[in-house]
Amino acid sequence: MVVKRAAGSRVDLVEEIKPDVERLLNRHLEAPRLWYPHEQIEWGRGESFADRPWSPSDYPLPDGVRSSIYVNLLTEDNLPYYTCSLFDHAPADHPIRDWNHQWTMEENRHSMVMRDWVHVSRCIDPTLLEDGRRVQMRKGEVPHPPTFADLICYVSFQERATQIAHRNTGAHLPKDDRMGRNILALIAGDETKHYLFYRDLAQAAFVIDPSAMMIATLRQISGFAMPGTGIPNFTRHAVRIAREGIYGLSQYVRDVVNPVLALWDVSHLEDLSADAEHARTELAEVMARLAASVERLSQRSAGSVALA
Ligand SMILES: [Fe+2]
Ligand SMILES: [Fe+2]
């Protein structure tokens, strides 16, 4: 039986969501993805960088694809700070702490396996990568969503965005780089499972406290940026990645926000507070502006294709 609350009544979302966290964590654990980073690498292809320094001709790639590998790997490197950010909203004895540990354990192998592939395949400059890692990790910058509702909205979008970015990067690699394509597909598969956890946790939260979730959704969609804060020259890399068709505004709207909002069914939420109703109206306006921007972008690129 669903017990309806009066609009605006106080709800302890963090406390009430405990059974859903346990349910979704158990679902996650029942289908483990047991792949080993060391088994994905063709070690025999590796060469000493001291004997033969890196050159772009080692692995010819468009700039946008190199930028995507660089940004995605540095984002995975930044894991310690994301873990800290998740613990901001994880009280003692709450099952979300168990999830955070599981999530951190799984994410940790992404940077390991990507770096091994990068070094063996020579697909990007390892010196540039290490310089970027040092700069980024000394800053320790990651988003800190202000509430638990904001956190689960943000991570739902973020995991989905990361899944799309890894998947599309893999699709832009040469067909004969089976090692790279396989590794990015494995990582994208992990991100899919993380996305499903958060997406469904958020859906449960919409039942418990629809008003808080509605307001958080607006806040997170309005302010969402692909993880990358602190990466040197991030904006330049982001432009290249978008131009390459890997990840940009079009993918954010079409592949990330639209499917998630459709699943959460925000347009049919009931019993919203006045502030949450206002947020829903504002969200519709934000989505209309985003759709118009995507349309302008696609017309511009269609125009440049026609001129080419
Ligand atoms: Fe990851
Ligand atoms: Fe993930």
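**Stop 1: α3 against α5**

Select helix α3, residues 63-77, together with α5: their axes come within 8 Å and cross at roughly 140°. That angle makes α3 oblique to α5. The crossing, as α3 passes α5, is left-handed. This is a predicted model, so keep that in mind at every stop.

Now show the side chains where the two helices meet. On the α3 side, pick I69, L73, E76 and D77. On the α5 side, pick E107, H110, S111, M114, R115 and V118. Colour them by class. In this contact of α3 with α5 you will find four nonpolar, two polar and four charged residues.

**Stop 2: the whole chain**

Zoom out and show the chain as a cartoon. How many helices and strands are there in the chain? There are twelve helices and zero strands. Follow the chain from the N terminus, and every element you pass is an α, from α1 to α12.

Next, look at the overall extent. Along the principal axes, the C-alpha atoms fill a box of roughly 70 × 50 × 35 Å. The radius of gyration is 21 Å. For 308 residues, a compact globule would have a value near 19 Å, so the two agree.

Colour by burial if your viewer allows it. Of the 308 residues, 36% count as buried. Then think about contacts across the sequence. Take the contacts between residues at least 6 apart in sequence: 86% of them join residues at least 24 apart.

**Stop 3: α5 against α8**

Keep α5, residues 95-121, and add helix α8, residues 178-208. Two packed helices are described by the angle between their axes and the distance between the axes. Here the angle is about 165°, and the axes are 10 Å apart. The pair is therefore roughly antiparallel. As α5 passes α8, the crossing is left-handed.

Which residues of α5 and α8 make the contact? From α5, select W103, E106, H110, V113, M114, W117 and S121. From α8, select M179, G180, I183, I187, D190 and H194. By class, this contact of α5 with α8 holds seven nonpolar, four polar and two charged residues.

Pause on H110 and M114. Both belong to the α5 side of this contact with α8. Both also meet α3, as you saw at the start.

**Stop 4: α2 against α8**

Leave α8 on screen and add helix α2, residues 18-30. The two pack at an angle of about 155°, and their axes lie 10 Å apart. That makes α2 roughly antiparallel to α8. Is the crossing of α2 and α8 left-handed or right-handed? This crossing is right-handed.

Select D20, V21, L24 and H28 in α2. Add K193, F197, D200, L201 and A204 in α8. These residues make the contact. Sorted by class, the contact of α2 with α8 has five nonpolar, one polar and three charged residues.

**Stop 5: the loop between α9 and α10**

Move along to the loop between α9 (210-223) and α10 (234-243), and select A225. Is A225 buried or exposed? A225 is exposed, because it has 12 other C-beta atoms within 10 Å, and 12 or fewer counts as exposed. Draw a distance from A225 to Q299. These residues are 74 apart along the chain, and their C-alpha atoms are separated by 23 Å.

Stay in this loop and select N233. Check its backbone: N233 has a positive phi of about 55°, although it is not a glycine. With 14 C-beta neighbours inside 10 Å, N233 counts as partly exposed.

**Stop 6: α11 and the loop after it**

Select V253 in helix α11. V253 has 18 other C-beta atoms within 10 Å, so V253 is partly exposed. Which residues does V253 contact, leaving aside neighbours within four places in sequence? They are N258, L290, A291 and V294. Now draw a distance to H268. V253 and H268 are 15 residues apart in sequence, and their C-alpha atoms are 20 Å apart in space.

End at D265, in the loop between α11 (249-264) and α12 (274-307). D265 has a positive phi of about 55° and is not a glycine. With 10 C-beta neighbours inside 10 Å, D265 counts as exposed.

Key
Residues are numbered from 1 along each chain as its sequence is written. Chains are lettered from A and ligands numbered from 1 in the order in which they are written. This is a predicted model: local features need pLDDT of at least 70, side-chain atom pairs count only at pLDDT 80 or more; totals for chains, interfaces and linings use all residues. Helices (H or I, at least four residues) and strands (E, at least two) are DSSP runs, numbered from the N terminus. The radius of gyration is taken over C-alpha atoms; the globule rule is 2.2 Å times the number of residues to the power 0.38. A residue is buried if 20 or more other C-beta atoms lie within 10 Å of its own, exposed if 12 or fewer, and partly exposed in between; C-beta atoms are placed from the backbone. Two residues are in contact if their C-beta atoms, placed from the backbone, lie within 7 Å. Axes are lines fitted to C-alpha atoms, for helices over the stretch in contact, and angles run from 0 to 180 degrees between N-to-C directions. Angles under 35 degrees count as roughly parallel, over 145 as roughly antiparallel, 65 to 115 as roughly perpendicular and the rest as oblique. A crossing is left-handed if the near helix is turned anticlockwise from the far one by less than a right angle, and right-handed if clockwise. Ala, Val, Leu, Ile, Met, Phe, Trp, Tyr, Cys and Pro count as nonpolar, Asp, Glu, Lys and Arg as charged, and the others, Gly among them, as polar.
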